[in-house]
Amino acid sequence: MSEFNAPQPDVTLLLDMDGVIREVTLAPAMSRENIDAWVGRPWSDVVGGAADKIQRMMQDTQRTGISAFRQITQRFPSGLELPMEFTTVLLGGRAGMLAIGKNLQAVAELQARLISAQQTIERDYWKLREIETRYRLVIEDSNDAVLLVKVADLRVAEANRTAANVLAGTGRRKEGLVGRDFLQEIAAKDREPIELMLRRVRDQGKAPGIVVHLGAEGTPWTLRGSLMTQESTPVFLLQMTPIGKPTGAAAAEHEDLEGLLDRLPDAVAITDDSGEIKRANRAFTELVEIGSTGAVTGENLGRWLSRPGADLSVLISNIQRHGMVRLLSTTVQGELGTETEIEISASGYQHGGDNRIVLVLRNVARRLSPSPESDSLRTALASMNETVGKTPLRKLVKSTVEVVEQYYVRAALQLAEGNRTTAADILGLSRQSLYAKLDRYKIDDKEPDSTGQ
């Protein structure tokens, strides 16, 4: 007859019908623990804050004969606390109950290691995001035309706004240049020298710069190239620098006004009465996370204003009605995903018979003091760390999600001044989903705000 090796329990407790310990058996790994003091004491006295769980287990056992598995922190006389999974079984003839426990310390350690690994992955992700952001800003902020061209077919993989303006004029977006044959964007007389230079770069990794003529006016530019790898694919990094004084709309601006606007610490933008940007300073490009002022010219300001009730249409209508706007609070959504709380002051004026609006956008995120609600959110989330290793990961995640959901539902209702439709739009939910969350968390959208009003 073959032997059957079943996993042995780590703790076995013989209980009477009132939950008092009558006998204890420990696994060999725990035999050094002196548990004689347990005998004669209620089981609920030797566990960590789980008296309600033990009561439910005993009730289930008396009703059905066996209880479901529940996680309990078992305290030992030596001071050791272990997360354990218990089930209780009713003995025949109402002789009592048997509580069988399995040590979950290894599982808790794995959960802690999993959370640590997830945090490490998230830190690495943000490091990569920061490196990519710096790369994008360096490329976009350059006064030189920069392109990445695939070695295999000489098609443009990436290009900054300067390159798009130089190769096809200011009316063209850089997305229209990506995927096109680079040589087709160059005058026919310059294609052969460029091909020779690129062949040398491919064979040797670099080559001396050459002069090419770009644009409708044939302006001379110095073209330099190097070889690099992008996503395991070899590409040419091409950099074109203008020879002589630059031309275009930026050079036509008065130098004193240019310097004044770019030295201002607050973001400044000039738009027409539809919101199309005619002029912006460097602080504005940093606010919307775009590398150069030329990249925002011609774009609509509403592209970055994201708060319902404080968007571009509200701003323009107030300027048309009152001539100016002071300290309008709203949010700017940057190109790289950053949301920034700002205040806008704006005024309308006439420029050559056209209506213009000058706007000052001030970042107020740093001066906003944390609200009691945000403090309570941080406190609630911080308390979750104390349950790591003592609470199953699925329950830990569910509890965290519930805390965060309640906070942001309340914040959206306060921001929308109790308007459920607007609050649902802010949260990206349907009204039915918002109602369901209000019922689930017993949130009253008429409750007073943090000022007590």
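In what order do the five strands of the open sheet that includes strand 12 stand? The order is 12-11-15-14-13, with antiparallel pairing. The legends below describe close-up views of this sheet and of other parts of a predicted model.

**View 1. Strands 12, 11, 15, 14 and 13 form an open antiparallel sheet.** The edges are taken by strand 12 (277-280) and strand 13 (324-333), each of which has a single partner strand, so one side of each lacks a neighbour in the sheet. Direction ignored, neighbouring strands are turned against each other by 30 degrees on average. Helix 9 (residues 312-322) lies across strand 13, strand 14 and strand 15 (354-363). The angle between helix 9 and strand 13 is about 175 degrees.

**View 2. Strand 13 pairs with strand 14 (residues 339-351) in the antiparallel sense.** Eight bridges link the two strands. Among them, L328 has I344 of strand 14 as its bridge partner, and S329 is partnered by E343 of strand 14. Five residues stand between the strands of this hairpin. In the hairpin, G337 adopts a positive phi near 95 degrees.

**View 3. Strands 2, 1, 5, 4 and 3 form an open sheet with antiparallel pairing.** The strands follow the order 2-1-5-4-3. Strand 2 (21-26) and strand 3 (70-75) are the edge strands, and each pairs on one side only. The average turn between neighbouring strands of this sheet is 30 degrees, direction ignored. Strand 1 (residues 11-15) pairs with strand 5 (residues 97-103) over five bridges, in the antiparallel sense. L15 has M97 of strand 5 as its bridge partner. Helix 1 (residues 51-64) lies across strand 3, strand 4 (81-90) and strand 5. Helix 1 runs at about 125 degrees to strand 3.

**View 4. Helix 11 (residues 393-415) crosses helix 12 (residues 420-427) at roughly 130 degrees.** The two axes come within 8 Å. At this angle helix 11 is oblique to helix 12. The crossing is right-handed. On helix 11 the contact is made by Y408, V409, A412, L413 and L415, and on helix 12 by R420, A423, I426 and L427. By class, this contact has eight nonpolar residues, one charged residue and no polar residues.

**View 5. Helix 11 crosses helix 13 (residues 431-440) at roughly 120 degrees.** The axes of this pair come within 11 Å, and the crossing is left-handed. E405, V409 and L413 of helix 11 make the contact with L434, K437, L438 and R440 of helix 13. These residues divide into four nonpolar and three charged, with no polar residue. V409 and L413 also belong to the contact of helix 11 with helix 12.

**View 6. Residues 1-6 and residues 447-453 have low confidence values, with pLDDT below 50 for residues 1-6 and under 50 for residues 447-453.** For the protein chain the mean pLDDT is 79, and 83% of the residues reach 70 or more. Residues 1-6 have zero contacts in the model beyond near neighbours in sequence. For residues 447-453 the model has five contacts beyond four places in sequence.

Definitions and conventions:
Residues numbered from 1 in each chain as written. Predicted model: local features only at pLDDT ≥ 70, side-chain atom pairs only at ≥ 80, totals over all residues. Heavy atoms only, no water. Axes fitted to C-alpha atoms, helices over the stretch in contact; angles between N-to-C directions. Helix = DSSP H or I, 4+ residues; strand = E, 2+ residues; numbered from the N terminus. Parallel < 35°, antiparallel > 145°, perpendicular 65-115°, else oblique. Left-handed = near helix turned anticlockwise from the far one by under 90°. Contact = heavy atoms within 4.5 Å. Nonpolar A, V, L, I, M, F, W, Y, C, P; charged D, E, K, R; others polar. Pairing = 2+ DSSP bridges. pLDDT = per-residue confidence, 0-100.
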